[in-house]
Amino acid sequence: MTTREARLALGAAAVISVTEAARLLPGREADCRKWLRTEGLVRFVMGRPVVVWGDVIEALRLSNKPKRKKKAN
């Protein structure tokens, strides 16, 4: 198992680089890095920027709730 696979196997507990997190998101890498920073998802560990993957998942859940159509009675 590669280091990347091991991190992703941790799921929401994975601590990954900003670049790796941006690559896992849909969209252009630069746009995704900007979104991570704008959303306040970048933390620093020993001076290095990192992302907790679970925070990314939660931010996506909160910001992109699907709109459900109301059923007609």
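Modeller: A salt bridge is a side-chain nitrogen of Lys or Arg within 4 Å of a carboxyl oxygen of Asp or Glu. Keep that cut-off in mind as we look at this model, which is predicted.

Colleague: Happy to! What makes the contact between Arg-23 and Glu-29 a salt bridge?

Modeller: The N to O distance between their side chains is 3.4 Å. The limit is 4 Å, and the pair must be a Lys or Arg with an Asp or Glu, so this one qualifies.

Colleague: And why is Arg-23 called exposed, while Glu-29 gets another label?

Modeller: Arg-23 has a relative accessible area of 57%. Exposed means over 50%, so the label fits Arg-23. Glu-29 comes out at 29%. Values between 20% and 50% are called partly exposed, so that is the word for Glu-29.

Colleague: How do you know that Asp-31 and Arg-28 form a salt bridge?

Modeller: Their closest N and O atoms are 3.8 Å apart, and the limit is 4 Å, so the pair counts. Asp-31 is partly exposed at 42% relative accessibility, whereas Arg-28 is exposed at 57%.

Colleague: How many salt bridges does the structure hold?

Modeller: There are 5. One of them joins Glu-58 and Arg-61, again with 3.8 Å between the closest N and O atoms.

Colleague: How do you know that Glu-58 and Arg-61 are about one helical turn apart?

Modeller: Both lie in helix 4, and they are 3 residues apart, which means a separation of about one helical turn. Glu-58 is partly exposed at 37% relative accessibility, and Arg-61 is exposed at 54%. Elsewhere, salt bridges that share partners link Arg-23, Glu-29 and Arg-33 into one network.

Colleague: Let's turn to the overall layout. In which order do the helices and strands come along the chain?

Modeller: From the N terminus on, the order is α-β-α-α-β-β-α. That gives 4 helices and 3 strands.

Colleague: How do you know that strand 1 and strand 3 pair?

Modeller: Strand 1 (residues 15-17) and strand 3 (residues 48-52) are joined by 3 bridges, in the antiparallel sense. Pairing needs at least two bridges, so these strands pass. Among the partners across strands 1 and 3, Ile-16 has Val-51 as its bridge partner, and Val-15 stands opposite Val-52.

Colleague: What makes strand 2 a partner of strand 3?

Modeller: Here 4 bridges join strand 2 (residues 42-45) to strand 3, and the two run antiparallel. At least two are required, so strand 2 and strand 3 pair as well. Arg-43 stands opposite Val-50, for example. Strands 2 and 3 also form a hairpin with 2 residues between them, and Met-46 in the turn has a positive phi of about 50 degrees.

Colleague: Why are strand 1 and strand 2 called edge strands?

Modeller: The open sheet has 3 strands in the order 1-3-2, with antiparallel pairing. Strand 1 and strand 2 each pair on one side only, and that earns them the name. From one strand to the next, the twist averages 50 degrees. Helix 4 packs on this sheet, touching strand 1, strand 2 and strand 3, and its direction makes about 55 degrees with that of strand 3.

Colleague: What makes a group of residues here a nonpolar core?

Modeller: The members must be buried residues of listed kinds, such as Ala, Val, Leu, Ile and Trp, joined through side-chain atoms within 4.5 Å. The largest such core has 14 residues, and Ile-16, Ala-21, Leu-25, Leu-36, Val-51, Trp-53 and Val-56 have the most contacts inside it. Helix 2 (18-24), helix 3 (29-38) and helix 4 (53-63) each supply at least two of its residues. In soluble globular proteins, nonpolar side chains tend to be buried together.

Colleague: Which residues does Val-51 touch?

Modeller: Leaving out residues up to four places away in sequence, Val-51 touches several, including Ile-16, Ala-21, Leu-36 and Val-56.

Colleague: One last residue: why is Ser-17 called partly exposed?

Modeller: Its relative accessible area is 30%, which falls between 20% and 50%, so the label holds. Ser-17 sits in strand 1, and a polar atom of its side chain lies 3.0 Å from the backbone nitrogen of Glu-20. A polar contact requires N or O atoms within 3.5 Å, so that distance fits.

Note on methods: Residues are numbered from 1 along each chain as its sequence is written. This is a predicted model: local features need pLDDT of at least 70, side-chain atom pairs count only at pLDDT 80 or more; totals for chains, interfaces and linings use all residues. Side-chain values use heavy atoms; hydrogens and water are left out. Buried means under 20% relative accessible area, exposed over 50%, partly exposed in between (1.4 Å probe, protein chains only). Contact means heavy atoms within 4.5 Å. A polar contact is a pair of N or O atoms within 3.5 Å; within protein, one must be able to donate a hydrogen and the other to accept it, and residues adjacent in sequence count only if both atoms are side-chain atoms. Axes are lines fitted to C-alpha atoms, for helices over the stretch in contact, and angles run from 0 to 180 degrees between N-to-C directions.
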